[in-house]
Amino acid sequence: MKYRPYALLAELTYKCPLHCPYCSNPVRYPQGEELAAGEWKRVFAEAARLGVLHLGLSGGEPLARHDLAELVAAAREAGLYTNLITSAIGLDQKRLAGLQKAGLDSIQISFQSDEPGQADAIAGAHAHQRKLEAARLVREIGLPLSLNVVLHRRNIDRLEKIIALAESLDVIRLELANVQYYGWGYLNKNELLPTREQVQAAAATASAAKARLAGKFELVYVLPDYYETRPKPCMQGWGQRYLTVNPVGNVLPCPNATSIENLAFENVRKQSLAYIWNESDCFNRFRGTEWMPLPCRECPQREIDFGGCRCQAALLTGEASATDPVCEFSPHRDVVDRFLSGVANAAVQSNGLIARRNP
Amino acid sequence: MSHVDLNCRPVLASHVRLKIDPVSGDPILLFPEGVLILNSTAHDILVLCDGKVSGHEILTALSAQFEVDEPTLRSDVVECLADLLQRNLIIFKS
């Protein structure tokens, strides 16, 4: 077997009580019915047979699925390490106990800031206090807790306090992820993009905290790639390690892949996961290096960054096979530089964020 | 390197699962967003890490199992436990 998927992201629903303006869900939701529990169970079993070890249960908000504990139990039975990726809204003691009994391995809660007013403004809901209570319940019941905080111009200067919040909640992992500018995030990029000075200060803060916290918990800092000169190795390469199944059963090489036009997705209702992973045009489209244009094709980095991100290339150049415009050698790097100079020139002004809508 | 006291009783951290990779047959540790492929020494040590037996007792059990001189075995066990501790994959019960 040439390619093996290691992790499956299961987007159980697009419903969510939050309205974060950088949500990774698509701006245009696909049509179709949510997969039923029985269909998910088959997907989990097929994924395990393909070699998948990790399952992320996500959404939208996965707690909106009332059959969540049943799905966790099925994942556990398939041998998958199961992580619930949640806003924590609706995570009370009873549901937690049910999830723990079903064999859930860990819980990742999103926080929008350490500061309640700011957090609620970003989430578009009174959420922060409820998240704090849920996080404490998670630790009381003895489940491992991770935090994910998305960073952007409005909260990135609070990084020290955000890290302190994670410490106070007894986490095993803190993921500090700068907004990636696709979908909702792209719509809001003029409001969310940090300045170069902010990014440099945050990187130094994260790096010092990582050293200080070594042996206590893992701190992961995801760079904002617009400020880099080389692209990120997106998904460790298209169709190399990861797959996503969205709420209506489409199988995606990356969670944002529906943003690429002219890319057809197979559906678990019609095809086996093994067929889709191994044989489908979608998963094979950008595997290897044959598809690469110049300058990627002759670049010594081509097996390291894989030409960057296909969704970002499609979004910013109109061509999914183009070199990621973040790359200093991309003929389209000027597109990214224009965004950055716009940030540098703008004082922090607000025309208001476009809130994510539910389908 | 983290300090390893062989009087302590090591146990997998609550977020870590030890299993055999069904594809490769290798022993692995699974934790959020991560996999660690274990060599056979690390696996032999970890199956004994139940939070009930001490580092010394693990050493004794392994020396009965393998024909390795005590100092080498001791240094292997200490090194392995220190590495896992540094990665937050095990905890020590005192």
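Which residues does D324(A) touch, not counting residues up to four places away in sequence? The first legend below takes up this question.

These legends describe a predicted model, in which local features need pLDDT of at least 70 and side-chain atom pairs count only at pLDDT 80 or more, while totals for chains, interfaces and linings use all residues. Residues are numbered from 1 along each chain as its sequence is written, chains are lettered from A and ligands numbered from 1 in the order in which they are written, and side-chain values use heavy atoms, with hydrogens and water left out.

**View 1. The surroundings of D324(A), in the loop between α13 and α14 of chain A.** Here is the reply to the opening question: D324(A) touches P231(A), G307(A), G308(A), C309(A), R310(A), Q312(A), A313(A) and S330(A), leaving aside residues up to four places away in sequence. Contact means heavy atoms within 4.5 Å. With a relative accessible area of 0%, D324(A) is buried; buried stands for under 20% relative accessible area, exposed for over 50%, and partly exposed for what lies in between (1.4 Å probe, protein chains only). Look also for C311(A), 13 residues from D324(A) along the chain, with 8.7 Å separating the two C-alpha atoms. Helices (H or I, at least four residues) and strands (E, at least two) are DSSP runs, numbered from the N terminus.

**View 2. Helix α3 of chain A and its two faces.** This helix spans residues 93-102, and its buried residues are L96(A), L99(A) and A102(A). Viewed down the axis of α3(A), these residues fall within an arc of 125°, so they line one face of the helix. The arc is taken from the directions that lead from the helix axis to the C-beta atoms. On the face turned away from the buried side you will find the exposed residues K94(A) and K101(A). The cover over the buried residues includes α2 (68-77), β3 (81-86), β4 (106-111) and α5 (128-141) of chain A. After the helix comes G103(A), with a positive phi near 105°.

**View 3. Strand β1 of chain A between its partners β2(A) and β8(A).** Four of the five residues of β1(A) (residues 7-11) are buried, so the strand is largely enclosed by the rest of the structure. β1(A) runs parallel to β2(A) (residues 54-58), joined to it by five bridges, and A7(A) has H54(A) as its bridge partner there. With β8(A) (residues 242-245), β1(A) shares four bridges, again in a parallel arrangement, and A10(A) stands opposite V245(A). Two strands pair if DSSP finds at least two bridges between them. Together, β1(A), helix α1 (residues 37-50) and β2(A) make a right-handed β-α-β unit. Right-handed here says that, with the strands pointing away from the viewer, the path from the first strand over the helix to the second runs clockwise.

**View 4. Where chain B meets chain A, with D105(A) in the picture.** Chain B brings 16 residues to the contact and chain A brings 22. About 1,500 Å² is buried between the two chains, and carbon and sulfur atoms give 54% of this area. R17(B), P32(B) and E33(B) supply 36% of the area that chain B buries against chain A, more than any other three residues. Buried area is the accessible area (1.4 Å probe) that two parts lose on being put together, summed over both. The interface holds two salt bridges, a term for a side-chain nitrogen of Lys or Arg within 4 Å of a carboxyl oxygen of Asp or Glu. R17(B) forms a salt bridge with D105(A), the closest N and O atoms being 2.7 Å apart. D105(A) also meets R76(A) in a salt bridge at 3.3 Å, N to O. D105(A) lies in the loop between α3 and β4 of chain A and R76(A) in helix α2, so this pair ties together parts that are 29 residues apart in sequence. D105(A) counts as buried at 7% relative accessibility, whereas R76(A), at 35%, counts as partly exposed.

**View 5. Salt bridges of E328(A) and D337(A).** E328(A) pairs with R230(A) at 2.9 Å, N to O. E328(A) sits in the loop between α13 (310-317) and α14 (333-345) and R230(A) in the loop between β7 (218-222) and β8 of chain A, so the pair ties together parts that are 98 residues apart in sequence. D337(A) meets R333(A) at 3.0 Å, N to O. D337(A) is partly exposed at 37% relative accessibility, while R333(A) is buried at 12%.
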